[in-house]
Structure formats: structure tokens, C-alpha cells
Amino acid sequence: MKRKILVAFAITLNIAAVLAQADVTKEQFKPFFTREEAPHLENVLPNPPELNDPLFFSDWTQYRWGLSIRQTERGQQAVDDAGINAAYFMKRYSPAVGVELTPETHPELYRLFSRLHLTEQQAGASAKAFFHRIRPYQQYKERSGVPSHESPTDFTSYPSGHTHASWLVGLTLASIDPAHTEQIMKVAYELGQSRVIVGFHYQSDVDMGRVAGSITFARVMSEPEFQKLYEKAKKEFAKNKKK
């Protein structure tokens with residue numbers, strides 16, 4: 001009888017552990033630092049090009065390029081890329097690392113990506129408010145590739161937050177799996193270009209989003225909470241890689 005009770009107790013503990021792991025997507029996360037503690041990127045990035053600036057020609061031509069391929073497979077990928085979150089990052093980067101990344105199989109990595117995404121929002125907030133740049137679809141009064149995301153008063157095009165987050169997550173994942181750095185950063189690059197394709201960002205927004213991601217990566221590396229979670233995610237990734 002005692003043995004049966006112990007077995008039942010062990011089974012209960014295993015079930016509880018599985019359920020706890022499955023619930024990682026329901027956890028509440030916080031950024032690694034606040035907006036006040038973040039680097040003020042407006043003190044680093046150049047002003048976005050004005051409409052009469054020769055540099056704006058590149059923004060315009062890239063916008064037209066994006067518009068021209070929206071009805072293609074790449075255009076659909078760009079639409080999918082608009083809905084980034086930790087789970088989507090895991091799905092999008094999985095082919096690059098050759099391992100299926102999910103919240104269930106890699107909960108520590110999910111926690112890390114979730115907190116990095118929130119950290120990017122803190123790090124980019126002051127620059128977006130400072131530059132207050134109009135978005136391409138607003139400028140040209142044309143429908144974007146993701147109309148459900150549109151807003152007539154959302155003047156936060158510069159720098160691109162999606163690119164900032166994607167680049168930050170890409171750099172972090174590349175440091176966890178350096179053998180696939182090229183494949184990982186190619187995906188990070190594509191995620192940024194998707195914002196040009198859907199007409200939510202100019203090319204210069206995306207270019208500076210990558211710079212912003214590099215700055216935030218350098219800054220977050222000094223945070224003890226990041227280092228602790230990063231090491232857990234790294235060990236978790238290595239363990240799953242061997243399976």
C-alpha cells in the first residue's frame with residue numbers, strides 16, 4: 001500500500017511539472033530594464049531623412065519595391081512577420097537552428113525572448129517619441145499589408161520596433177548557437193525587411209532598427225537578471241540539441 005501511495009505521489013508530481021511547463025505562456029513577464037534606465041537612442045541615431053533629402057529616394061524606392069511584391073509568397077511571409085511575439089520568434093528561428101523551438105520544449109528560451117521583446121519596447125520608446133516619424137502607408141495614403149494594425153495617429157515609424165526586437169533576439173540566439181549565426185541573422189534581416197514590404201516602415205527605419213537592436217543587446221548583457229536567464233536558456237538549448 002505504501003509503495004502504491006509513493007508511486008501515485010510521483011506520478012502527481014510529474015503531471016504537475018508538465019502542467020507547470022506548459023503554462024509558461026501564461027506567465028507574466030517584465031523587461032530587463034525600464035524606459036528610464038534604457039539607452040536614449042535619440043542621442044545616438046541620426047535624424048531620419050526628410051522628404052527633400054536625397055537619402056529619402058532610397059526610402060521611396062524600397063517602399064515601391066515592397067508594394068510590388070505584396071501579392072507574392074514573400075509578401076505573405078511579411079504579413080505573418082507582423083505578429084511577432086516570443087512564440088512566433090521561436091517558430092520563425094527554428095529552421096535556422098535546425099531544432100523545433102516551442103514554449104513547451106524550450107520554456108527558458110521562451111521566457112528570455114518574452115523579456116527581450118518587452119525590453120526592446122522600453123529601449124525604443126524615447127526615440128520613437130522624439131523622432132515622431134510618419135509611417136509610409138500614412139505618408140502615401142495607401143493601404144498597408146496589415147490594415148488591421150493601421151492607425152491614423154501612430155507616428156512611431158523611426159526606428160522600427162519590430163526590427164529592433166528581431167535583431168535583438170537574433171543576436172541573443174546567435175550567441176547561444178554560434179554554429180548557426182549566419183542562418184539566424186539572415187532570418188533577423190528578413191524580419192526587418194518584412195516591415196518595408198507591408199509598408200509600415202521605411203528602409204531607414206529598418207536600418208536604424210538593427211542599430212538599435214545591437215545597442216540594446218550590448219546594454220542588456222550587463223543585466224544580472226538577463227545573464228541568469230540567458231545561462232538557463234543556453235543550457236536548455238544545448239540539452240535539447242543532444243536529443
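Which helix supplies the largest share of the lining of the largest pocket? The legends below come to that pocket after a look at the whole chain, which is a predicted model.

**Figure 1. Ten helices and zero strands make up the predicted fold.** Read from one end of the sequence to the other, the pattern is α-α-α-α-α-α-α-α-α-α. The C-alpha trace spans about 85 × 40 × 35 Å along its principal axes. Of the 243 residues in the protein, 48% are buried. Among the contacts with a separation of 6 or more, 79% link residues 24 or more positions apart.

**Figure 2. Helix H9 covers residues 203–220.** Let us check its length first. The 18 residues of H9 should span 26 Å at 1.5 Å a residue, and the end C-alpha atoms are indeed 26 Å apart, so the two values agree. Many side chains to look for here belong to buried residues, including Gln 203, Val 206, Arg 210, Ala 212, Thr 216, Phe 217 and Val 220. Asp 205 is buried too, as are the glycines Gly 209 and Gly 213. What do the buried residues of H9 pack against? Their partners are helix H2 (56–68), helix H5 (107–131), helix H7 (161–176), helix H8 (181–197) and helix H10 (224–242).

**Figure 3. The largest pocket is lined by 13 residues.** Here is the reply to the opening question: H9 gives the largest share of the lining, four residues. H2 and H9 each supply at least two lining residues. The pocket has a volume of about 160 Å³. Nearest its centre lie Asn 47, Pro 49, Leu 55, Ser 204 and Met 208. Two of these, Ser 204 and Met 208, are also on the list of buried residues in H9. Sorted by class, the lining holds six nonpolar, four polar and three charged residues.

**Figure 4. Helix H7 is one of the partners of the buried residues of H9.** H7 is mostly covered, with 14 of its 16 residues buried. From its first C-alpha to its last, H7 reaches 23 Å, close to the 22 Å expected at 1.5 Å a residue. In the loop between helix H6 (136–139) and H7 sits Pro 159. Have a look at the peptide bond that joins Tyr 158 and Pro 159: this bond is cis, with omega about -10 degrees. For comparison, most peptide bonds are trans.

**Figure 5. His 106 and Asn 240 are in contact.** His 106 lies in the loop between helix H4 (86–97) and H5, while Asn 240 has its place in helix H10. Are these two residues buried or exposed? With a relative accessible area of 1%, His 106 falls under the 20% cut-off and is therefore buried. Asn 240, at 16%, is under that cut-off as well, so it also counts as buried. The side chain of His 106 makes a polar contact of 2.7 Å with the side chain of Thr 105. Thr 105 is likewise in contact with Asn 240. A polar atom of the Asn 240 side chain lies 2.9 Å from the backbone oxygen of Glu 236. Leaving out residues up to four places away in sequence, His 106 touches Met 90, Val 99, Glu 100, Leu 101, Glu 236, Phe 237 and Asn 240. Glu 236 thus appears twice in this view: beside the Asn 240 side chain and among the residues that His 106 touches.

**Figure 6. Thr 181 is found in helix H8.** Its relative accessibility is 32%, which lies between the cut-offs of 20% and 50%, so Thr 181 counts as partly exposed. Which distance separates the C-alpha atoms of Thr 181 and Ala 96? They are 8.6 Å apart, although the two residues are 85 residues apart along the chain.

**Figure 7. His 132 and Lys 141 each have a positive phi.** Most residues other than glycine have a negative phi, so such cases are worth a close-up. His 132 lies in the loop between H5 and H6, and its phi is about 50 degrees. Lys 141 lies in the loop between H6 and H7, with a phi of about 55 degrees. At a relative accessible area of 75%, Lys 141 is over the 50% cut-off and therefore exposed. The loop of Lys 141 is also the one that holds Pro 159 of Figure 4.

Note on methods:
Residues numbered from 1 in each chain as written. Predicted model: local features only at pLDDT ≥ 70, side-chain atom pairs only at ≥ 80, totals over all residues. Heavy atoms only, no water. Expected span 1.5 Å × (residues − 1). Buried < 20%, exposed > 50% of the residue type's maximum accessible area, 1.4 Å probe, protein only. Contact = heavy atoms within 4.5 Å. 1 Å grid on protein atoms, 1.4 Å probe; cavity = no way out; pocket = protein on both sides within 12 Å on 5 of 7 lines; lining within 4 Å. Points joined across faces, edges and corners; volume = space filled by probe spheres on them. Nonpolar A, V, L, I, M, F, W, Y, C, P; charged D, E, K, R; others polar. Polar contact = N/O pair within 3.5 Å; in protein donor to acceptor, adjacent residues only side chain to side chain.
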